[in-house]
Amino acid sequence: MVIGVLRTDAPDDVMIEVTDVRKRFGATQALNGVTCSFARGEFVALLGSNGAGKSTLVKILDGVYTADAGSIAVRGGRRGLGVVHQDLGLVEDMTVADNMFLGAPRRVVNPRNEARLTTQALEAVGLSSIDPYALISHLSLGERAMVAVARTLDRGAETVVIDEVTAGLHPRESRWVVERLRVAAELGATVLMVTHKLDELVGVASRYVVLSDGEVALDDLASRVSKADLIETMSRGRTKSAHSADSPPVVVGGAAVCTLEGVHVGDAGPINLTVSAGGITALTGPLGSGLHEIAYVVAGLHSPERGTMTVDANLRRACVPAHRESEGVFSDSSVEFNVAAGGWSRWRMRSGLLNVRQMRRDVDEAVETLSVVPHRLDATVSDLSGGNQQKTLLARALMRRPQLLVLCEPTRGVDVATRREIYAQIRRIADSGTAVLIASSDHEDIVALADRVGVLNADGTLTDWIAPQELSPLITELA
């Protein structure tokens with residue numbers, strides 16, 4: 001299926017028509033007759049649980065996948081639609097203006113003219129303070145995201161799909177990006193935003209479209225839909241764990257398994273930290289504060305630059321990294337390989353060979369326990385939704401049978417229902433006696449799970465150790 005041009009008799013305000021789009025991957029029906037349309041100037045939140053079909057629809061819109069059936073028509077054809085992915089596609093060592101024209105045909109390079117056109121493009125998304133001669137690396141993450149959006153619109157796209165761009169941003173910067181996108185919609189662009197952070201879109205998006213099991217489960221004006229309605233629709237049909245993540249955490253005073261004293265790493269420090277068996281310790285703070293670097297020290301992936309770390313030499317440690325795409329999954333390999341990679345030693349026999357039958361039983365059990373969808377060990381990880389890739393990483397970490405589990409941004413890019421599943425699993429792991437350290441810029445993770453939390457300032461210094469319920473006002477103050 002090739003994305004076509006919107007018919008001439010379509011209403012003037014319609015920008016995209018998606019009609020009965022279907023897509024199957026093996027036994028999995030990813031999209032099952034999706035029909036919807038998007039109008040000029042709308043700011044639409046495209047939502048759904050992991051595996052609901054959002055990623056598949058976005059990849060079809062972007063030309064990565066071809067639909068098995070149905071049609072998509074865009075005003076202006078393929079050129080009228082642009083997709084901004086989480087990696088943004090920007091070159092950090094180049095200026096904003098150079099990035100704006102990267103890949104565009106240029107007969108003669110005219111820096112002054114390109115700077116003027118860049119300024120106009122940025123103003124079209126509500127940005128007037130960015131210097132077109134500034135290096136991308138000197139911009140905040142939110143500013144970089146909006147440069148990518150401005151470039152997409154400047155190249156002729158009247159409709160732009162924002163695919164999880166705010167997933168790794170601090171809440172303050174996420175709100176800033178969403179506000180700029182709202183301005184772009186007010187100026188006439190059609191914005192479709194895929195996100196799992198409901199709070200950043202409630203009260204801002206003009207319309208919600210929710211996918212469930214490859215079908216449109218809800219399509220309505222935001223003024224007629226409550227946040228509770230969205231959560232209920234996205235969670236429909238999913239089985240809640242018997243151990244609810246909503247239940248208050250029990251503080252377990254176990255033995256210390258890892259202690260940091262005056263540790264410095266990167267820009268963070270000095271850090272004093274104790275992680276105890278059976279408890280969930282958390283670190284939070286703005287991106288750039290060094291919270292992930294500290295977590296990697298605890299996981300044994302980085303060494304302290306100064307200070308001391310005390311840990312048993314035989315302690316089994318496992319880590320779910322902050323960036324699953326670049327640090328975590330083997331995207332072109334199967335679910336089985338990705339999960340098994342965490343525990344080859346447990347299946348090695350005296351002969352040196354692997355007990356493949358036992359390995360597959362253990363991997364299958366882990367995939368079932370974490371509700372990875374689809375439940376197929378031969379599925380390629382790149383074909384899974386972001387949330388199911390995240391659960392695959394957690395399953396791999398658990399294959400090590402860790403005594404210390406380090407989790408960086410454990411619910412990044414994960415929907416509401418999957419958060420519940422991951423939260424319940426983490427609490428179960430801690431209750432079994434494992435020491436857990438969470439490093440997350442998402443305060444929902446901290447409030448839902450932590451027994452205690454250390455808050456980092458932007459300069460990498462530790463503010464204090466507090467109870468999770470004290471976190472929200474402190475984060476607001478630091479933001």
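Student: Why is K391 called buried or exposed in this structure?

Tutor: K391 has a relative accessible area of 1%, and because buried means under 20% relative accessible area, exposed over 50% and partly exposed in between (1.4 Å probe, protein chains only), K391 counts as buried. This is a predicted model, in which local features need pLDDT of at least 70 and side-chain atom pairs count only at pLDDT 80 or more, while totals for chains, interfaces and linings use all residues. Residues are numbered from 1 along each chain as its sequence is written, and side-chain values use heavy atoms, with hydrogens and water left out.

Student: What makes the pair E421 and K391 a salt bridge?

Tutor: A salt bridge is defined as a side-chain nitrogen of Lys or Arg within 4 Å of a carboxyl oxygen of Asp or Glu, and the side chains of E421 and K391 meet at 3.0 Å, N to O, so the pair qualifies. E421 lies in helix α12 (residues 416–431) and K391 in helix α11 (residues 386–398), so the pair ties together parts that are 30 residues apart in sequence. Helices here are DSSP runs of H or I with at least four residues, and strands are runs of E with at least two, numbered from the N terminus.

Student: Why is E421 called buried or exposed?

Tutor: The relative accessibility of E421 is 17%, so E421 counts as buried.

Student: How do you know that R40 and E158 form a salt bridge, and which parts does the pair tie together?

Tutor: The closest N and O atoms of R40 and E158 are 3.1 Å apart, so the pair meets the cut-off and is a salt bridge. R40 lies in the loop between β3 and β4 (43–48), and E158 in the loop between α4 (141–154) and β7 (159–163), so the pair ties together parts that are 118 residues apart in sequence. R40, with a relative accessible area of 37%, is partly exposed, and E158, at 31%, is partly exposed as well.

Student: How do you know whether C408 and C319 are bonded or too far apart for a bond?

Tutor: A disulfide is a pair of cysteine sulfur atoms within 2.5 Å, whereas the sulfur of C408 is 4.6 Å from the closest cysteine sulfur, in C319, and is therefore too far for a bond. A search of the whole structure finds 0 disulfides.

Student: Why is C408 called buried or exposed?

Tutor: C408 has a relative accessible area of 0%, so C408 is buried.
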